[in-house]
Amino acid sequence: MTRHHRPGGRDRVRDGGPGEQRSLAVRFGRGMDPLGLSSPITHEGIAADLRRLGLSPGDSLIVHSSLKSIGWLEGGPDAVIDALQEVLTPRGNLAIPTFTSPAPEFVVSDTPCRTGLIPETFRRRPGVLRSTHPTHSVAAWGDAAAEVAAGHERATALGVDSPLHRMAKLGARVLMIGVDCTRCSLIHVAEATMRLPYLGIAYPGYDVPIVVRKVDGTTTVYHETEFPGDSSNFGIVERECGRRAQVIHGRIGAADCLMIQGRHLLDAAIDLLRHDPGCLLCRSPFCVPCAESRRLVDPTAQEQGSE
Ligand SMILES: CC(C)(COP(=O)(O)OP(=O)(O)OC[C@H]1O[C@@H](n2cnc3c(N)ncnc32)[C@H](O)[C@@H]1OP(=O)(O)O)[C@@H](O)C(=O)NCCC(=O)NCCS
Ligand SMILES: [Zn+2]
């Protein structure tokens, strides 16, 4: 019997028997062999796909993922993590965002993440360190994990010297499994590097002090000052990296994937922001944070907003 840990704390129990295998097979058809309903994707297959993307021992990697997009996977999220660790080896580094919603207390060892089943499984694995930011923690494994995760409660969520920034400085690539760069949190680091005037605008509920309970039981109170905003327009950075021939496309199981050097993402985002400081903001009439942020970077919008 396999217990699947669900982000948000609700566990679902699966028996893994023929009935369940058939229903997973029908549901995740793209990942199976074309003739039968009998060959799930395995951890060895995932490892081969990662190597085909160009990953090898000693590499550093940030991963954002959709497990479902991989297809019917034997071993579930653990198979993906096993494959990543096998390919990167402990000489390399793996970092996965384990973001959480704001709550009065963030318990580093317990609070479930909201970034998917792979991150939720990864953060609980032996040897994985979770950083201590109350809403934007990152789980890290590998040679530099301690250095990457350290002191996040003294940095900002996704700012300068945050764990994802440190990973990029280590030469990490960013792998998007079944999701595009609208989920690429590293791009927020470019907003912080550029000291954009909208960093102080928080999503509702985020501008609050939060108690952080660390793994050793000690607590500290954290109040964020730089809030990551909306990422729905981050495709602009992916397209710019594409223009610069810096995007590697591939497949992991049935998932469409793309991989970009962290430094390339930051350079492209910074170049775009230099040209237009509002370029990462969306134009949805329903997106309050982006509308407010745009007024701060675009004087015309400010005039219109004050009418
Ligand atoms: C939100 C998000 C996680 C949803 O992706 P998802 O694939 O639906 O969800 P998860 O990765 O948590 O995987 C759970 C799904 O895998 C399925 N699953 C479980 N075991 C499985 C197996 N062995 N084989 C295949 N799928 C399986 C589950 O049934 C579940 O699907 P359901 O919710 O339809 O039942 C994804 O779209 C995303 O945004 N990922 C990036 C998150 C991130 O890093 N965010 C940071 C910045 S915004
Ligand atoms: Zn927006």
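Helices H2 and H3 lie oblique to each other, and therefore make a good place to start our walk through this predicted model. Helix H2 covers residues 43-52 and helix H3 covers residues 76-88, and their axes cross at roughly 45 degrees, coming within 8 Å. That angle counts as oblique because it falls outside the ranges for roughly parallel (under 35 degrees), roughly antiparallel (over 145) and roughly perpendicular (65 to 115). The crossing of H2 and H3 is right-handed.

If you would like to find this contact on your screen, look on the H2 side for His-43, Ile-46, Ala-47, Leu-50 and Arg-51. Their partners on the H3 side are Ala-79, Val-80, Asp-82, Ala-83, Leu-84, Glu-86 and Val-87. By character, the residues of this contact divide into eight nonpolar, one polar and three charged.

Just past H3 there is a backbone detail to look at. Thr-89 sits in the loop that links H3 to strand E4 (93-97). Its phi is near 65 degrees, a positive value in a residue other than glycine. Thr-89 has 13 other C-beta atoms within 10 Å, so it counts as partly exposed.

Now let us step back to the whole chain. The protein has 307 residues, of which 44% count as buried, and it contains 11 helices and 12 strands. Consider the contacts between residues at least 6 apart in sequence: 70% of them join residues at least 24 apart.

A second helix pair comes later in the sequence. Helix H7 (residues 186-193) packs against helix H9 (residues 262-275) at an angle of about 45 degrees, and the two axes are 9 Å apart. That angle makes H7 oblique to H9, and the crossing is right-handed. From H7, the residues Leu-186, Ile-187, Val-189, Ala-190 and Thr-193 take part. They meet Gly-262, Leu-265, Leu-266, Ala-269, Ile-270 and Leu-273 of H9. This contact divides into nine nonpolar residues, two polar and no charged.

How many of the residues of H7 are buried? Seven of the eight are, so H7 is largely enclosed by the rest of the structure. The buried ones are Leu-186, Ile-187, His-188, Val-189, Ala-190, Glu-191 and Ala-192. And what do they pack against? Besides H9, the buried residues of H7 pack against strand E3, helix H6 (163-169), strand E8 (173-177) and helix H8 (235-243). After H7 comes Arg-195, whose phi is positive, near 50 degrees.

Another positive phi is found in the loop between helix H5 (145-149) and H6, where Asp-161 lies. The phi of Asp-161, a residue other than glycine, is near 70 degrees. Asp-161 is partly exposed, as 14 other C-beta atoms lie within 10 Å.

Our last stop is ligand 1. There are 22 residues around ligand 1, and those that come nearest are Ser-66, Leu-67, Lys-68, Gly-116 and Leu-117. Strand E3 (60-65) and helix H4 (117-122) each supply at least two residues of the shell. E3 has already appeared in our tour, among the elements that the buried residues of H7 pack against. In character, the shell around ligand 1 is made of 10 nonpolar residues, 10 polar ones and two charged.

Technical notes: Residues numbered from 1 in each chain as written. Chains lettered and ligands numbered in written order. Predicted model: local features only at pLDDT ≥ 70, side-chain atom pairs only at ≥ 80, totals over all residues. Near = placed C-beta within 6 Å. Helix = DSSP H or I, 4+ residues; strand = E, 2+ residues; numbered from the N terminus. Nonpolar A, V, L, I, M, F, W, Y, C, P; charged D, E, K, R; others polar. Buried ≥ 20, exposed ≤ 12 C-beta atoms within 10 Å, placed from the backbone. Contact = placed C-beta atoms within 7 Å. Axes fitted to C-alpha atoms, helices over the stretch in contact; angles between N-to-C directions. Left-handed = near helix turned anticlockwise from the far one by under 90°.
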